[in-house]
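Let us take a walk through this structure together, beginning with its enclosed spaces and moving on to an open pocket, the cysteines and two helices. Keep the coordinates open as you read.

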Amino acid sequence: MTPFQYERAATAPDAVRMASNSASAKYLGGGTNLVDLMRETIETPERLVDVSGLSRTIETRPDGSLLIGAAATNTALASDLTVRRDFPLLARAILAGASGQIRNMATVGGNILQRTRCAYFYDDAARCNKREPGAGCDALDGFNRIHAILGASPACVATHPSDMCVALVALDAVVHLEGANGTRRIPLADLHRLPEGRPDIETVLQPHELITAVEIPALSFARRSTYRKVRDRASYAFALVSVGAALDLSEDGSVRDIRLALGGVAHKPWRALKAEDALRGQPATEANFRAAAEAELTDAAPLRDNAFKVELARRTITAVLSELKGDAA
Amino acid sequence: MRFTINDKPVEAEFDPRTSLLDLLRDHLGLTGSKKGCNQGACGACTVLVDGERINSCLALAVQYQGRAITTVEGLGQTGSLHPLQQAFVEHDGFQCGYCTPGQLCSAIGMAGEAARGVPSVVTADLGDETVTLSHDELRERMSGNLCRCGAYNGIIDAITETFAADGSQKGDAGARKAA
Ligand SMILES: Cc1cc2nc3c(=O)[nH]c(=O)nc-3n(C[C@H](O)[C@H](O)[C@H](O)COP(=O)(O)OP(=O)(O)OC[C@H]3O[C@@H](n4cnc5c(N)ncnc54)[C@H](O)[C@@H]3O)c2cc1C
Ligand code: FES
Ligand code: FES
């Protein structure tokens, strides 16, 4: 680990000011990703601004929306009774991630900005455009079983590993930001970038822009929602494919509305808009669920080792929607 | 910098790069907490901070100034073991013992979470505010602690006896063992 100065921020403006004094400064949440990356010298900040003491309140507003302080721990958010009752896919997504110990440490802000688990990104003997722009990508023709099938580029096939973000993107979450030029809000769906030619630039954040809160708009039918994660072992493993979904059915058995998102398949949490469009207004049948999954996955471009993810995503989408509809799956 | 460690005030000076695990082991001589992977993947370094379990290998010690930390050394003493330690002995909850300090601290933190109603991914009804520590719940909630010796059955039996007060669960765990 390279040496750094440690400072603890008392307020969001404080944090931004402290970070702005050093080009390489990083914010520290629970440290569960950053400390590991610093130990590997993939991250080498000269200054760490501890933001774990900033707002961690989880507020239910009168209109049914939620405002979550970025320092709320993953455990606190998943334990919140409103989240459990009104947005079960969010609680389930968080609880499907990492371990009890890590969820106690991890913050909402840090979870959103956690970096990929691509082994070539971690291995300094390998070429990685994300670690070293222009170096090349050894995952492209390497062991790429866990890599992306959607939205990848010849420069990078890494995936975003967060479970929580899959639920957040399905729920149209909005991220509140504070930076040197003031505050702004952007949809979580627009926060992470696809890799294109610059996989090292992972988000649209300005330098030292701080996530202060995450807002989840009210969505009455999110009570009928869930998250399913498929992985190599039953617990404590990253997703091969995951599906977060909320389903609103009309009396006649058709899909009035739907939110659907995928994890483990792309450089960002993947909102499955094509599948949603294919299903809105259609009868909620297994055949239609499958057809919608197909619609989403027509653009899938699997690599040598991960073609299984296309079929896995198709089946998991179909199973999750069938489960939400009330058919055993 | 000040901490309360196992109920005693402690002052220490160290480089900000020091993890809480290295502070405990290398600076304070509390070598009970173990370093398995040093990257959050095994749970051998689990300690309690204000009663909550964390992986001390991923924790920067500076971030935990002023907090109350409990390590395995603070749980019980020779001759007066913590009930969970005694149960580990009785149920063969270990072979080499390397993962045990982390298992113990993790299980105590886990029991606190269950008492506060924290759900897990195998909890069927997220609206249910009371947690029943069934076999499946315990396996899931303890999945952050690996045991290379594979003492899992003994570990789960020891935790069940200590924390899953409900007799039916004990029977359930026993039945599984017999099956
Ligand atoms: C063994 C292991 C298994 C895991 N398994 C899973 C899993 O199955 N699913 C899953 O989703 N995750 C998993 N994780 C990842 C875990 O969820 C993340 O490490 C965690 O959520 C990061 O949160 P943190 O607060 O510790 O972030 P930190 O490590 O503190 O920070 C991460 C990044 O976010 C930045 N940051 C932090 N807070 C802010 C803020 N408020 N504003 C701007 N930037 C900020 C930091 O500068 C840093 O770049 C696993 C991690 C480990 C170690
Ligand atoms: S040493 Fe901390 S989790 Fe393995
Ligand atoms: S007893 Fe040996 S690792 Fe668990």
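A search of the whole structure, which is a predicted model, turns up 3 cavities of 30 Å³ or more. The largest cavity has a volume of about 80 Å³. It is lined by 14 residues, and those closest to its centre are Cys118(A), Cys128(A), Cys137(A), Cys156(A) and Ala158(A). By class, this lining divides into 10 nonpolar, 2 polar and 2 charged residues.

Next comes the second largest cavity, with about 60 Å³ of space. Chain A lends Thr75(A), Leu95(A), Gly100(A) and Arg103(A) to its lining, while chain B lends Arg53(B), Glu113(B), Val118(B), Pro119(B), Ser120(B) and Arg141(B). Sorted by class, the lining of the second largest cavity has 3 nonpolar, 3 polar and 4 charged residues.

From the cavities we can turn to an open space. The second largest pocket holds about 460 Å³. Among its 23 lining residues, the closest to the centre are Arg56(A), Thr73(A), Asn104(A), Glu52(B) and Arg67(B). Which elements supply at least two residues each of this lining? They are α3 (74–79) and α6 (100–105) of chain A, together with β4 (52–55) of chain B. Of the contributors, α3(A) gives the most, with 3 residues. The lining of this pocket comprises 7 nonpolar, 10 polar and 6 charged residues.

Now for the cysteines. How many disulfides does a search over all chains find? The count is 0. Cys165(A), for instance, is in no disulfide, and the nearest cysteine sulfur, that of Cys156(A), is 16 Å away. A disulfide needs the two sulfur atoms within 2.5 Å, so Cys165(A), with its nearest cysteine sulfur 16 Å away, does not qualify. Is Cys165(A) buried or exposed? With a relative accessibility of 0%, Cys165(A) counts as buried. In the other chain, Cys99(B) also counts as buried, because its relative accessibility is 11% and the cut-off for burial is under 20%.

Chain B also offers two helices to look at. In α1 (residues 20–27) of chain B, the buried residues include Leu20(B), Leu21(B), Asp22(B), Leu23(B) and Leu24(B). The cover over the buried residues of α1(B) includes strands of chain B, namely β1 (2–5), β3 (46–49), β4 and β5 (68–70). This β4 of chain B is one of the elements met above in the lining of the second largest pocket. After α1(B) comes Gly29(B), with a positive phi near 70 degrees.

Further along the chain is α2 (residues 83–90) of chain B, whose buried residues are Leu84(B), Gln85(B), Ala87(B) and Phe88(B). Why do these residues lie on the same side of α2(B)? Around the helix axis they cover an arc of only 160 degrees, which puts them on the same side. Look to the other side of α2(B) and you will find Pro83(B) and Glu90(B), both exposed. The buried residues of α2(B) pack against two helices of chain B, α3 (100–115) and α5 (152–163). As with α1(B), a residue of positive phi follows the helix: here it is Asp92(B), with a phi near 50 degrees.

Conventions: Residues numbered from 1 in each chain as written. Chains lettered and ligands numbered in written order. Predicted model: local features only at pLDDT ≥ 70, side-chain atom pairs only at ≥ 80, totals over all residues. Heavy atoms only, no water. Buried < 20%, exposed > 50% of the residue type's maximum accessible area, 1.4 Å probe, protein only. Helix = DSSP H or I, 4+ residues; strand = E, 2+ residues; numbered from the N terminus. Arc of directions from axis to C-beta. Contact = heavy atoms within 4.5 Å. 1 Å grid on protein atoms, 1.4 Å probe; cavity = no way out; pocket = protein on both sides within 12 Å on 5 of 7 lines; lining within 4 Å. Points joined across faces, edges and corners; volume = space filled by probe spheres on them. Nonpolar A, V, L, I, M, F, W, Y, C, P; charged D, E, K, R; others polar.
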